[in-house]
Amino acid sequence: MKLYTKRHIVISAIVSGILTSAILITVFVSCVKKNSNEEQVNNQTEEEAAVNVVSQTKEDSGDIFEFQQNPSNVVPVSNSSDYTQDEQQNINVYNQCNEAVVNINTQVVAYDWFLEPYVQDGGSGSGSIIDKRGYILTNVHVIQDATKIYVSLYDGTQYEAKVVGQDLDSDLAVIKFNPPEGMELKTIAFGSSSSLKVGQKVIAIGNPFGMERTMTTGIVSGLGRPIQNSNKRIIRNMIQTDTAINPGNSGGPLLDTKGRMVGINTMIMSSSGSSAGVGFAVPSETAIRVVSDLIRYGKVQRGRIDATMIQLNASIANYAGIDVSTGILISEIEKGGNAEKAGLKGGTKAAYYGSRRSIIYLGGDVITKIDNITIDSLADYYSALESKKPGEQVTVVVRRNKKNVTLKLTLSE
């Protein structure tokens, strides 16, 4: 039997401990490298899958304006180990997008007691640079009635901008300034609002209360909200978010964690006028279509029904003997128009309306549905046709002689 001294036992234990530690360290380093490589591959795959929505839409339809934008790669933060994963996302998105968010200020014409015009400061808001040539996306209500529009960039430089086009139905507008030669503008790429999920993290960058490029975070609180805007038009499929949105944020981007614009911050629901955790953004899918038309044509190409429409109410319904009190009354049909070709009927009995200066014709059809969307008001009517283009066919349900009649109609421009 071989005996070991106490000294031998201690030396053996130390050597065993060192060998065990070396093995554990080697295994740990291998696992870290493997996870790092897998994460890098996953990030690359995710970036490749996140093809610019504008490009995808352009392939599907030749009507989309071709944007000139920066690559939408998220730049990693240095010393990232000092931050949590959530903090890293926030910092990355801000670094990538903040220079593409502008502050918009306007001047408007006002009148004094003697009805003499004078210029005063108008509203202010935010906007996103969506094209290197100086195209900026914002809200209509940010620039409405402006005689002059000024955009301030991240570096404090200010330029005068002109209106390219504006669309009341979506509350979206495009303005443009001419960047100096050699200036490389940062842009924000469009993301996909159709793939958003309730609970998904979103980020807003804007200029609330004039404080430039402020960032707030939150989640998607709801989807598909029909909300009436300040122009009395109903915008469907609005994104609801608890991301803090305050006066001055209007027109700014709502971003996903990759820095892609999934919505345009437009309004809040609040009794005080400040953020109460209920904000709404126009979805990017709507913005892409609207912006493309505004840049190409100066207006949105939408289909219409060739008829004069009147908002039906209880007074008109009682007087005319109509058995419904909501909907759109067809007063007159344009001769040879799509309404006449589809079989819609206009009124024949003249009556004064409102201040007795307007004449409407009673006895015509009442539109109650368009493509299964209930039409109770003119706002509903405009909203139902908001995404329809000339040449598209819609199904129209009308109330005629106390019966529902369904007709097919091809929209005109």
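**Helix α8, a pocket, and strand β11**

Let me start with helix α8, which gives the most to the lining of the second largest pocket, supplying four residues. Please keep in mind throughout that what you see above is a predicted model.

Staying with that pocket for a moment, its volume is about 390 Å³, and 18 residues line it, with Asp169, Arg302, Gly303, Arg304 and Tyr382 lying nearest its centre. Besides α8, strands β5 (158-167) and β13 each supply at least two residues of the lining. If we sort the lining by residue type, we find nine nonpolar residues, two polar ones and seven charged ones.

Now, how is α8 itself placed in the structure? Six of the eight residues of this helix, which runs over residues 378-385, are buried, and so the helix is largely enclosed by the rest of the structure. The buried ones are Ala379, Asp380, Tyr381, Ser383, Ala384 and Leu385, where buried means under 20% relative accessible area. Which strands help to cover them? Among the elements that do so are β8 (214-228), β9 (234-241), β13 (307-311) and β14 (328-333), together with β17 (366-370) and β18 (373-374). Strand β13 therefore appears twice in this account, since it is part of what covers the buried residues of α8 and also contributes to the lining of the pocket.

Let me turn to a second enclosed element, strand β11, which covers residues 261-268; seven of its eight residues are buried, so this strand too is largely enclosed by the rest of the structure. With which strands does β11 pair? One is β10 (residues 253-255), in the antiparallel sense and over three bridges, and in this pairing Leu255 has Met261 of β11 as its bridge partner. The hairpin that β10 and β11 form has five residues between the strands, and there Gly259 takes a positive phi near 80 degrees. The other is β12 (residues 279-283), again antiparallel, this time over five bridges, and here Gly263 is matched with Pro283 in β12.

Finally, let us step back to the whole protein, which has eight helices and 20 strands. Of its 413 residues, 42% are buried, and the protein exposes about 22,000 Å², of which carbon and sulfur atoms supply 50%. If we take the contacts between residues at least 6 apart in sequence, 61% of them join residues at least 24 apart.

Terms used. Residues numbered from 1 in each chain as written. Predicted model: local features only at pLDDT ≥ 70, side-chain atom pairs only at ≥ 80, totals over all residues. Heavy atoms only, no water. Buried < 20%, exposed > 50% of the residue type's maximum accessible area, 1.4 Å probe, protein only. Contact = heavy atoms within 4.5 Å. Pairing = 2+ DSSP bridges. Areas by Shrake-Rupley, 256 points an atom, 1.4 Å probe, with all protein chains shown as cover. 1 Å grid on protein atoms, 1.4 Å probe; cavity = no way out; pocket = protein on both sides within 12 Å on 5 of 7 lines; lining within 4 Å. Points joined across faces, edges and corners; volume = space filled by probe spheres on them. Nonpolar A, V, L, I, M, F, W, Y, C, P; charged D, E, K, R; others polar.
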